[in-house]
Amino acid sequence: MSTTDQSTQVTCVESFCGPGGMGVGLQQAGFDIKLAFDIDAPSVDTHNRNVGHHAIVADAAAITSEEVLERVGLRPTELDLWSGGPPCQGFSTAGAREIGDGRNQLFKEYCRLLQGLRPRAFVMENVSGMVKGDFKLVFAEILRALKTTGYRVKARLLNAMFYGVPQSRERMIFIGVREDIAREPSHPSGWSEPVVAGAAIKGAEATPLG
């Protein structure tokens, strides 16, 4: 858990939260995650173990922005950050890459909730496969949809190995800032050389499971 003073933290709601990879990063960056949700119960259980007991099992296609705001005790426009990574199986180069995969359309639920919550900013991530081959059309559709919600949006392909992570992991990162806020969305520049796994775990002690 982050030791940042919660009185100075900015608020966040995490959609499609999975087991907590992004949630851990958000906490380390100083965000107060008020709520997280995912349709997969085992992932939610893992998220709660990794990040804190605020994740719930919920279908992004069924939950409403009103329900989210009620749970976190905020009104539209008061949330600082809306984050999440809609399922990527249909885009991923590790899978069958079926452009007709229904999960490829779950970004629409992300946009629907974004419009209802009206947070100051959002972050959405997905796999690099969405900008390769025929999937570039889907990427363009997602970018248009995000921009129609009233946000200035930029998208950039980032690789985690340039940010201190001992893994070459590319992700498309969408960042948006609400149009009434006088700030432009931007992506962080890489700050590290690639780190090999051996250097990352050097000196670490094994922890027994269970």
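Q: Leaving aside neighbours within four places in sequence, with which residues is F122 in contact?

A: In this predicted model, once those neighbours within four places are left aside, F122 is in contact with L81, W82, Y110, L114, L146, Y151, V153, F174, I175 and G176.

Q: Which residues touch the most other members of the largest nonpolar core, and which elements give two or more residues to this core?

A: The largest nonpolar core has 30 residues, and those that touch the most other members are F37, W82, F122, L146 and F174. Two or more residues come from each of β2, α3, α4, β5, α5 (136-147), β6 (151-159) and β7 (170-178), and α4 gives the most, with six residues. Apart from this core lies another one, of 11 residues, which includes C12, C17, A55 and A121.

Q: Which residues of helix α4 are buried, and what is the backbone doing just after this helix?

A: Helix α4 spans residues 107-117, and its buried residues are F107, E109, Y110, C111, L113, L114 and L117. Just after α4, R118 takes a positive phi of about 55°.

Q: How should I read burial along a strand, and which residues of β4 lie on each of its faces?

A: One looks at the two sides of the strand in turn. In β4, which runs over residues 81-84, L81 and S83 lie on one side and W82 and G84 on the other, and since all four are buried, both faces of the strand are covered.

Q: How many bridges join β4 to β1 and to β5, and in what sense do these strands run?

A: Strand β1, at residues 10-15, is joined to β4 by four bridges, and the two run parallel; within that pairing, V13 has W82 as its bridge partner. Strand β5, at residues 121-127, pairs with β4 over four bridges, in the parallel sense, and there G84 has M124 as its bridge partner.

Q: For a helix, how do I tell whether the buried residues share a side, and where do those of α2 lie around the axis?

A: The general idea rests on helical geometry: with 3.6 residues to each turn of an α-helix, residues three or four places apart point the same way. In helix α2, which covers residues 41-51, the buried residues are S43, V44, H47, N48 and V51. Because they cover an arc of only 140° around the axis, they lie on the same side of α2. The face turned away from that buried side carries the exposed residues P42 and R49.

Q: Against which elements do the buried residues of α2 pack, and which residue takes a positive phi just after the helix?

A: The buried residues of α2 pack against β1, α1 (21-28), β2 (31-38) and β3 (55-57). Just after α2, G52 takes a positive phi of about 135°.

Q: Where in the chain are F16 and T77, and what values of phi do they have?

A: F16 lies in the loop between β1 and α1 and has a phi near 45°, a positive value in a residue other than glycine. T77 is placed in the loop between α3 (65-72) and β4, and its phi, near 80°, is likewise a positive value in a residue other than glycine. As for exposure, F16 is buried, with a relative accessible area of 14%, whereas T77 counts as partly exposed at 36% relative accessibility.

Q: How many salt bridges are there, and how far apart are the closest N and O atoms of D32 and K34?

A: The general idea is that side chains of opposite charge can pair when their charged atoms come close. Taking a side-chain nitrogen of Lys or Arg within 4 Å of a carboxyl oxygen of Asp or Glu as the cut-off, the count comes to nine salt bridges. In one of them, D32 pairs with K34, and the closest N and O atoms are 2.9 Å apart. D32 is buried, with a relative accessible area of 13%, while K34, at 37% relative accessibility, counts as partly exposed.

Q: Where do R49 and D45 lie, and what parts of the chain does the salt bridge of E125 and R171 link?

A: R49 and D45 both lie in helix α2, four residues apart, which is about one turn of the helix. Their closest N and O atoms are 3.2 Å apart in the salt bridge; R49 is exposed, with a relative accessible area of 65%, and D45 counts as partly exposed at 42% relative accessibility. E125 forms a salt bridge with R171, with the closest N and O atoms 3.5 Å apart. This pair links distant parts of the chain, as E125 is in strand β5 and R171 in strand β7, 46 residues apart. E125 counts as partly exposed, at 21% relative accessibility.

Technical notes:
Residues are numbered from 1 along each chain as its sequence is written. This is a predicted model: local features need pLDDT of at least 70, side-chain atom pairs count only at pLDDT 80 or more; totals for chains, interfaces and linings use all residues. Side-chain values use heavy atoms; hydrogens and water are left out. Buried means under 20% relative accessible area, exposed over 50%, partly exposed in between (1.4 Å probe, protein chains only). Two strands pair if DSSP finds at least two bridges between them. The arc is that of the directions from the helix axis to the C-beta atoms. Contact means heavy atoms within 4.5 Å. A nonpolar core is a set of buried Ala, Val, Leu, Ile, Met, Phe, Trp, Tyr and Cys residues joined through side-chain atoms within 4.5 Å.
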